[in-house]
Amino acid sequence: MSDVTAEGGHGAVPTGPEIPVEPKASTARRDWPLYEVFVRGKRGLNHVHVGSLHAPDDEMAVHAARDLYTRRNEGVSIWVVRAADITASSPDEKDPMFAPSGDKVYRHPTFYEIPDDVPHM
Amino acid sequence: MSAPTLDRPAAPDEAALQAQFDATIAADHRIEPRDWMPEAYRSGLVRQIAQHAHSEIIGMQPEGDWLLAAPSLRRKAILLAKVQDEAGHGMYLYSAAETLGADRADLTDKLIERKQKYSSIFNYPTLTYADVGVIGWLVDGAAICNQVPLCRSSYGPYARAMIRVCKEESFHQRQGYELLMTMMRGTDAQRAMVQDAVDRWWAPSLMMFGPPDDDSPNSAQSMKWGVKRHSNDELRQRFVDMTVPQAEVLGVTLPDPELALDPATGRYRFGAIDWTEFKQVIAGKGPCNDERIARRRAARDDNAWVTEAATAYAGKHSR
């Protein structure tokens with residue numbers, strides 16, 4: 001048996017747990033996932049991260065990204081990806097993560113001394 | 001028998017983290033979202049970025065009032081593009097605030113509940129179409145003065161958002177100035193309309209830079225952390241110096257009898273600002289505060305069905 005209450009000026013309505021309740025208006029937007037947006041500025045360039053937005057699904061995220069990040073021909077292609085799907089290196093492990101390349105100076109061309117008069121090198 | 005001790009990583013040493021943060025700031029490098037930062041740096045930035053975002057969003061209203069009354073299709077298209085940009089600027093900024101752990105919908109609720117503020121300037125009414133031009137020239141001009149140095153703010157996402165905003169802001173100022181030049185070439189009544197708008201917007205524009213340096217509680221720490229780069233008074237002075245010659249070309253009088261070039265410094269002296277009015281407007285007692293908040297609340301509540309419909313659509317198509 002449902003409880004009954006006067007709700008929102010619509011008269012007495014049942015309120016038991018079996019009665020479906022409409023989602024609260026202001027909470028719908030909160031559930032939209034966060035998308036990170038990447039734009040290719042022109043042909044020949046990489047996609048570059050430009051910012052983020054919330055959208056209910058992938059397709060609407062692309063449309064919203066078009067409106068938000070390319071109002072002045074800033075791009076020829078857009079990627080969106082759910083922020084939750086990105087795996088990133090952690091700033092806490094910065095040293096162990098990037099240190100291995102720090103002491104390998106021989107990987108750079110300037111490590112090698114070549115006489116000035118050797119052409120095209 | 002006791003349980004074996006787990007091999008936990010040592011708790012991060014707060015002093016070491018603070019030292020690393022300080023070194024990044026000292027080297028004028030950027031702080032990025034996943035870096036450790038002092039709680040006051042994070043919360044101060046959320047406050048500043050949210051306030052900035054709210055200003056862009058509320059800032060759509062004074063000019064938006066003229067969208068249906070624009071005098072030509074050309075002016076209407078320009079104004080639509082401008083108001084759409086303001087929405088975009090708000091979104092870039094909310095996006096930056098979210099990298100600090102803030103929630104966008106929550107920030108909007110705080111604005112509507114008046115727990116967070118927005119720029120005092122948007123609490124003044126737009127009485128004639130000349131106001132649209134003056135807002136572009138003076139209000140967006142002042143915003144440019146404020147925002148250009150923020151492109152070098154120490155917090156990466158904020159600085160990057162500001163770079164996008166500044167690129168678009170130049171269009172805003174130029175369309176405003178061109179609108180005013182067109183009116184100044186028109187009839188006496190149109191010229192009077194421009195002068196009247198300048199008379200009403202000049203002082204509020206100067207107030208946009210915030211309280212004087214000796215009465216600006218958050219400034220010193222913000223400067224130390226590289227969030228802010230110049231003091232309120234310095235930016236205000238820059239704005240005056242930039243604007244006076246523009247007023248001369250336009251042929252309007254800035255409403256300040258004390259405005260005069262100081263030959264010793266090459267800068268313009270200007271009269272005292274009515275900080276009582278500023279404080280009143282910030283406290284919610286400006287001419288349009290209630291109207292602005294009421295409309296923002298209506299936009300959230302009355303249009304909620306749109307987001308609900310989009311959510312329902314997405315739900316159906318994901319199955």
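**Figure 1. Confidence along chain B.** Within chain B of this predicted model, mean pLDDT runs lowest among the elements in helix 9 (residues 219-224), at 85, and highest in helix 8 (residues 188-207), at 98. Chain B as a whole has a mean pLDDT of 93. Of its residues, 96% reach 70 or more. The model scores ipTM 0.87 and pTM 0.87.

**Figure 2. Confidence along chain A.** The average pLDDT of chain A is 80. A score of at least 70 is found for 73% of the residues. Two stretches of chain A stay under 50: residues 5-11 and residues 20-27. For residues 5-11, the model has seven contacts beyond four places in sequence. For residues 20-27, the model has two such contacts.

**Figure 3. A hairpin in chain A.** Strand 3 (residues 34-40) and strand 4 of chain A pair in the antiparallel sense. Seven bridges join the two strands. One of the pairings matches A:Leu34 with A:His54 in strand 4. Six residues lie between the strands of this hairpin. In the turn, A:Gly44 has a positive phi of about 100 degrees.

**Figure 4. The contact between chain A and chain B.** Chain A brings 26 residues to the contact, and chain B brings 26 residues. The buried area is about 2100 Å². Carbon and sulfur atoms give 51% of that area. Three arginines stand out on the chain A side: A:Arg30, A:Arg71 and A:Arg72 supply 25% of the area that chain A buries against chain B. No other three residues supply more.

**Figure 5. Charged and polar pairs across the interface.** Four salt bridges are counted between chain A and chain B. One of the residues involved is A:Arg71, which forms a salt bridge with B:Asp85. Their closest N and O atoms are 2.8 Å apart. Side chains of opposite charge can pair when their charged atoms come close. Polar contact between the two chains counts eleven residue pairs, both residues at pLDDT 80 or more. On the side of chain A that touches chain B, helix 1 (25-28), strand 4 (47-54) and helix 2 (58-69) each supply at least two residues. The residues of that side divide into twelve nonpolar, nine charged and five polar.

**Figure 6. A salt bridge inside chain B.** Over all chains, the whole structure holds 33 salt bridges. In one of them, the side chains of B:Asp140 and B:Lys82 meet at 2.7 Å, N to O. B:Asp140 sits in helix 6 (residues 129-147) of chain B, and B:Lys82 sits in helix 4 (residues 73-98) of chain B, so this pair ties together parts 58 residues apart in sequence.

Notes: Residues are numbered from 1 along each chain as its sequence is written. Chains are lettered from A and ligands numbered from 1 in the order in which they are written. Side-chain values use heavy atoms; hydrogens and water are left out. Contact means heavy atoms within 4.5 Å. Buried area is the accessible area (1.4 Å probe) that two parts lose on being put together, summed over both. A polar contact is a pair of N or O atoms within 3.5 Å; within protein, one must be able to donate a hydrogen and the other to accept it, and residues adjacent in sequence count only if both atoms are side-chain atoms. Helices (H or I, at least four residues) and strands (E, at least two) are DSSP runs, numbered from the N terminus. Ala, Val, Leu, Ile, Met, Phe, Trp, Tyr, Cys and Pro count as nonpolar, Asp, Glu, Lys and Arg as charged, and the others, Gly among them, as polar. pLDDT is the predictor's confidence in each residue, from 0 to 100. Two strands pair if DSSP finds at least two bridges between them.
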